[in-house]
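Visitor: Could you take me in for a close look at a single part of this one? I'd like the metal site, and then whatever is worth seeing beyond it.

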Amino acid sequence: MRNLIMKKSLQMAALLGALTLASAANANGVPGQGSWETTLLARDLDGNLVNGPEAFYDTALNVTWLRAGSASAMNWSTAKAWAEQDRFGLSGWRLPTTHVTTADGSCDYSYFGGTGCGFNPDSSVATGSEMAHLFFQSLGNKSRYIPGTLDDQAGWGLSNTGDFKNLRSYSSWSGTVYAPQSGTAWFFSLGYGSQANFSKDQSFYALAVHPGDVVAVPEPQTWALTLIGLTGLLLSRRRRVA
Ligand SMILES: [Ca+2]
């Protein structure tokens with residue numbers, strides 16, 4: 001009975017965590033915290049090095065994260081459409097996925113010995129969700145509770161946003177639908193280091209990822225200019241030889 005009450009109150013805490021807006025962090029990355037400095041490789045996708053990278057190749061997950069998260073909170077369908085739009089001449093972008101370990105796809109509370117739901121969810125490459133890996137491993141952030149306890153953890157929250165833009169201390173949609181209730185989908189709280197499912201009508205933020213390493217795709221015009229440049233170079237060389 002006590003366990004049930006505790007579980008209910010934790011579920012409530014997880015939901016509150018999903019809805020509470022702590023801040024819209026956009027600070028510089030924290031050196032030495034997490035692996036982001038070596039595992040998130042800057043990718044310039046717009047051919048302009050002055051404005052910085054547009055994405056980061058995640059060497060651990062083998063996906064490329066769009067540098068800028070969504071500017072606003074959206075319901076799940078809108079967030080999915082936002083993530084899946086073509087960018088830099090490239091299709092195939094998507095919302096991050098959640099790895100669900102239970103047979104029926106339901107919640108398996110991590111603070112009761114499970115892996116997929118609540119605070120401190122699995123963040124491993126093989127069996128964790130992509131956002132959990134980003135939050136815990138790459139950026140070295142901490143969940144609200146000390147793993148296996150109900151005690152607040154010093155320094156919990158989104159203390160490191162790496163070099164991302166619009167990475168907010170708020171919930172972010174996963175592209176994975178919650179199988180037992182198709183009207184809901186998984187989310188990850190970048191404020192509390194927790195994940196669960198919530199009604200698709202709720203407004204959450206979104207991140208976009210692309211499978212593999214996305215490198216700059218030159219526009220046809222750029223190719224043409226490159227060819228003209230090379231042809232000119234060859235001609236001038238020939239003239240010099242002659
Ligand atoms: Ca750029």
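Guide: Along the chain, the donors of the calcium ion follow the spacing D-x1-D-x1-N-x2-N-G-x1-E. Bear in mind that this is a predicted model. Put residues on that pattern and you get Asp 44 and Asp 46 giving OD atoms, Asn 48 its O, Asn 51 its OD1, Gly 52 its O, and Glu 54 coming in twice through OE, with distances of 2.2 to 2.6 Å. So how do two of these ligands sit, buried or exposed? Glu 54 is buried, because its relative accessible area of 10% falls under the 20% cut-off. Asn 48, at 31%, is partly exposed.

Now move along to His 133, which sits in helix H4, residues 130–138. This histidine counts as buried too, with 6% relative accessibility. Leaving out residues up to four places away in sequence, His 133 touches Asp 58, Ala 60 and Leu 61, then Ser 123, Ser 124 and Val 125, and also Ser 138.

As for the nonpolar interior, the largest core has 30 residues, and Trp 82 and Trp 173 have the most contacts inside it. Helix H3 (76–84), strand E6 (184–189) and strand E7 (194–199) are the elements giving two or more residues to this core, with H3 supplying the largest share, four residues. Apart from it there's another core, of 19 residues, including Ala 132, Phe 136, Phe 188 and Leu 190. Back at Trp 82, the contacts beyond four places in sequence include Leu 66, Met 74, Arg 87 and Leu 207.

Note on methods: Residues numbered from 1 in each chain as written. Predicted model: local features only at pLDDT ≥ 70, side-chain atom pairs only at ≥ 80, totals over all residues. Heavy atoms only, no water. Donors = N, O, S within 2.8 Å, 3.2 Å for Na, K, Ca; no water. Buried < 20%, exposed > 50% of the residue type's maximum accessible area, 1.4 Å probe, protein only. Contact = heavy atoms within 4.5 Å. Core = buried A, V, L, I, M, F, W, Y, C linked by side-chain atoms within 4.5 Å.
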